[in-house]
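Here's a quick walk through a small protein model. Have the structure open and follow along residue by residue.

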Amino acid sequence: SDLDGIEDDLDDCPNTAGTSSEDRTGCPDTDGDGWSNQDEVDYCANPLDKKDEPQLRTPIWLLHQATE
């Protein structure tokens, strides 16, 4: 329904057009590296820098929860 060319049943962001494919399918990927903007932020990577890909296996928000 977001017209990004990915069928809604396969699209992790069916209401928002995107091209991510590494972590989520069809979500926004501003830098075009294949990683969704949200996972890049969650894993401490810059979603505007194609060379800065997520490195952590545990999302930063989960790490913060564990230390509270």
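Let's start with a cysteine: Cys-44 counts as partly exposed, at 49% relative accessibility. Its place is the loop between helix 1 and helix 2 (60–66). The backbone is worth a look there too, since Cys-44 is not a glycine and still has a positive phi of about 60°. Bear in mind throughout that this is a predicted model.

Leu-3 is another non-glycine residue with a positive phi, with a value near 65°. Leu-3 sits in the segment before helix 1, and with a relative accessible area of 84% it is exposed.

**The overall picture**

Now zoom out. The protein has 68 residues, and 32% of them count as buried. Its secondary structure amounts to two helices and zero strands. What share of the contacts with a separation of 6 or more comes from residues 24 or more positions apart? The figure is 1%. As for the outside, the accessible surface is about 4600 Å², and carbon and sulfur atoms make up 50% of that.

**The disulfide**

How many disulfides does a search of the whole structure find? Just one. The partners are Cys-13 and Cys-27, with their sulfur atoms 2.0 Å apart. Both Cys-13 and Cys-27 lie in the segment before helix 1, so the link ties together parts that are 14 residues apart in sequence. The link is right-handed, with 90° about the S-S bond. Cys-13 is buried, and Cys-27 is buried as well.

**Charges, paired and unpaired**

Side chains of opposite charge can pair when their charged atoms come close. The count here comes to one salt bridge. Asp-39 makes that link with Arg-24, and the closest N and O atoms are 2.6 Å apart. Asp-39 is in helix 1 while Arg-24 is in the segment before helix 1, so the pair ties together parts that are 15 residues apart in sequence. How covered are the two partners? Asp-39 is buried, at a relative accessible area of 12%, whereas Arg-24 counts as partly exposed, at 28%.

Asp-29 tells another story. This residue is in the segment before helix 1 (37–42), and it is buried yet has no salt bridge. Which side chain of opposite charge is nearest to Asp-29? That would be Lys-50, 7.6 Å away. A salt bridge needs the nitrogen and the carboxyl oxygen within 4 Å, so Lys-50 at 7.6 Å doesn't qualify. Setting aside residues up to four places away in sequence, Asp-29 touches Thr-19, Ser-20, Gly-34, Trp-35, Asn-37 and Glu-40.

**Around Thr-19 and Pro-54**

Thr-19 is one of the residues that Asp-29 touches, and it also lies in the segment before helix 1. Thr-19 is exposed, with a relative accessible area of 58%. Beyond residues up to four places away in sequence, Thr-19 touches Gly-26, Cys-27 and Asp-29, and that list includes the disulfide partner of Cys-13. Gly-5 belongs to the segment before helix 1 too, and it is exposed at a relative accessible area of 76%.

Pro-54 takes us to the loop between helix 1 and helix 2. Buried or exposed: which is Pro-54? It counts as buried, with 12% relative accessibility. Leaving out neighbours within four places in sequence, Pro-54 is in contact with Trp-35, Asp-39, Glu-40, Tyr-43 and Ala-45. So Asp-39, besides its salt bridge with Arg-24, is also in contact with Pro-54. Trp-35 and Glu-40 appear among the contacts of Pro-54 and among those of Asp-29.

Here are some C-alpha distances for these residues:

| Pair | Apart in sequence | C-alpha to C-alpha |
|---|---|---|
| Gly-5 and Thr-19 | 14 residues | 9.1 Å |
| Thr-19 and Gly-32 | 13 residues | 7.5 Å |
| Pro-54 and Asp-39 | 15 residues | 7.4 Å |

To recap the links: the disulfide joins Cys-13 and Cys-27, and the salt bridge joins Asp-39 and Arg-24. Asp-29, buried, is left without a salt bridge.

Notes
Residues numbered from 1 in each chain as written. Predicted model: local features only at pLDDT ≥ 70, side-chain atom pairs only at ≥ 80, totals over all residues. Heavy atoms only, no water. Helix = DSSP H or I, 4+ residues; strand = E, 2+ residues; numbered from the N terminus. Buried < 20%, exposed > 50% of the residue type's maximum accessible area, 1.4 Å probe, protein only. Contact = heavy atoms within 4.5 Å. Areas by Shrake-Rupley, 256 points an atom, 1.4 Å probe, with all protein chains shown as cover. Lys, Arg positive; Asp, Glu negative; His and termini not counted. Disulfide = S-S within 2.5 Å.
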